[in-house]
Amino acid sequence: MNRGLGDPDDAANPVGFAALLAADERLELSAGAERRLDAIGFGAEFVPVALGGRLARADVLARVLRPVFRRDVALGFGYGITSLFAASAVWAGGSPGQRARLADLMCAGGRTGIVHHSLAHGNTMWQGELVARPDARGFVVSGRKDGVVNAERAGAFVLYARTGQGRGPASHSVLLLEPDAVTGEALRVLPRQPSTGMRGCRFAGMEFADCPVPADALVGEPGQGMQLALRTFQLNRSLVSSVLLGAADTVLRAAVRTVLTGREGGAGRRQRSVLAAVFADLLLCDTMASAVLRSLHLFPDSAHLGAAAVKYLVPDLVREDLEELGTVLGASGYRRDSVHGFLQKLLRDLPAAGLGHMGTAACQAVLIPQLPLLARRSWGVTEDPPDLLFASRQSLAPLALESLAVAGGEDRLVAALLGAVRRLRDGGGPHPGQANNGTRALLCTIAEAFAAELAELRDSFRAAVLDSPTLAASAQWAALMDRYTMVAAAGAALGHWVRLEEDTHPFLADPAWLVLSLGRLAGRLGLRLPDAPPDCVERVYGEAVARLRTGRGYDLHGTAIDGSGGAPDGHARTARAA
């Protein structure tokens, strides 16, 4: 993907930073960038292989998408990923004919729009509602929805419309609408609405006035809308959390370059510490996002738990990291004429991408009611997950969205934490050299501290009254859930590290990055632990500089980001090769 997009620093590249920032100033997506994505068949990335596309593995899809998000979050959402969010309901529950038609549209570069159901705590995209009344020919749809991405140019829309009374699980159904088949004034696309974030995306309202929709537009069964939404949200949440790291990569790269060039006064100790810490955070977030994406394939009965946890935690960690990088970039982070201006654009784009309060509240609604059950039935009981959960080089069966459960299951990330603690006690995990024995000992101490935190959480959640109507709305349980997500992240990171393969690059085998990232999580939890030794910071900072100079990304794969090849043997493989 990087090779197809060209050098992001080339001012003449339509998918370069200069062109993308200039398009944002004009409140539009770069037309040249969209043509480039069309030319490489970007839409096929969102279509299952069985339907003629390239989507087989969720974790590979995330790595394919990151180069786009590394350049422009609005382009990533406006061109493609929103189409996936819409189409995933059809992939999960649609008829063979519906799937085939939508696959043909998207593989040919067409867009699919999504008209969401109404949610409390939602932004404009989530407000308003459609009602579909049955009639002799199918349905009659009425209502208005504001803030629909690509309303003006989508070739198909997936509608979540109310077909039942009340707020029960069968209140909504999903309809696949082809707007070209609608005549007259039954469907109106309203004027484009400006937005403060993702300004290049085409947001507009849609108004339905007794719009006829044929019976064969129904996706799945009547009343299945909430179930399809909860299934597909699992892919959406984990995928967004992963591709977001590509955007953060760009800001970290700009900050490292700023320090090296002395633009803001040179590489002082504080700057080196910030850059190393943010790099370590991104690696930790990558371990969590990758494990959750792979769990969609391996543990479809439980993946909803990890998806909610990663979507709750990772955007918040990234926001905090961006604020820290702002202190290194200084005023250059808010310029609008270079890659340094990407920071101010990204800070505007994230809330518009649904990474604000609405995302937090939705994830809380998934996790809080289930944590008391997990504390009783899973934590300390579920076996250590198989190595395949963390082995990104190993293949997986194709993603089957229709198999995803929406409740129940077991907590694999907590099981990975406890399994990693046992392995560390037995001397497991990489041993990169005697010089790092002190760092490894500190890692063992940190791992034990997270296991102790889990024990306290287990006691607290076991005391909760199941099915209490105040459970999900309680600030107490929300605070405990917040702590739980950090324990789950520690489980993913430790589970990944203790399973590293023999040919792993020495930097990843060195526990320095893990000590830094887990130490920061522990600080957020208020755990009192020894500080990481200064040489940990220097080793991680040194790798950050090396990756900048060799054109490699700040991810677990050391992905080549400039099309030059980048990573040495054993450090990374491309997403396709993996």
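Let me begin with the words helix and strand, which here are DSSP runs, H or I over at least four residues for a helix and E over at least two for a strand, numbered from the N terminus. By that rule, the protein chain has 18 helices and eight strands. This is a predicted model, in which local features need pLDDT of at least 70 and side-chain atom pairs count only at pLDDT 80 or more, while totals for chains, interfaces and linings use all residues. Residues are numbered from 1 along each chain as its sequence is written, and side-chain values use heavy atoms, with hydrogens and water left out.

Of the 578 residues of the protein chain, 60% count as buried, which means under 20% relative accessible area, with exposed being over 50% and partly exposed in between, for a 1.4 Å probe and protein chains only. Contacts, meaning heavy atoms within 4.5 Å, add to this picture: among those in the protein chain with a separation of 6 or more, 75% join residues 24 or more positions apart.

Now please look at helix α15, residues 475-497, which has 23 residues and reaches 34 Å from its first C-alpha to its last, close to the 33 Å expected at 1.5 Å a residue, where the expected span is 1.5 Å times one less than the number of residues. Is α15 largely enclosed or left open by the rest of the structure? Because 18 of its 23 residues are buried, α15 is largely enclosed.
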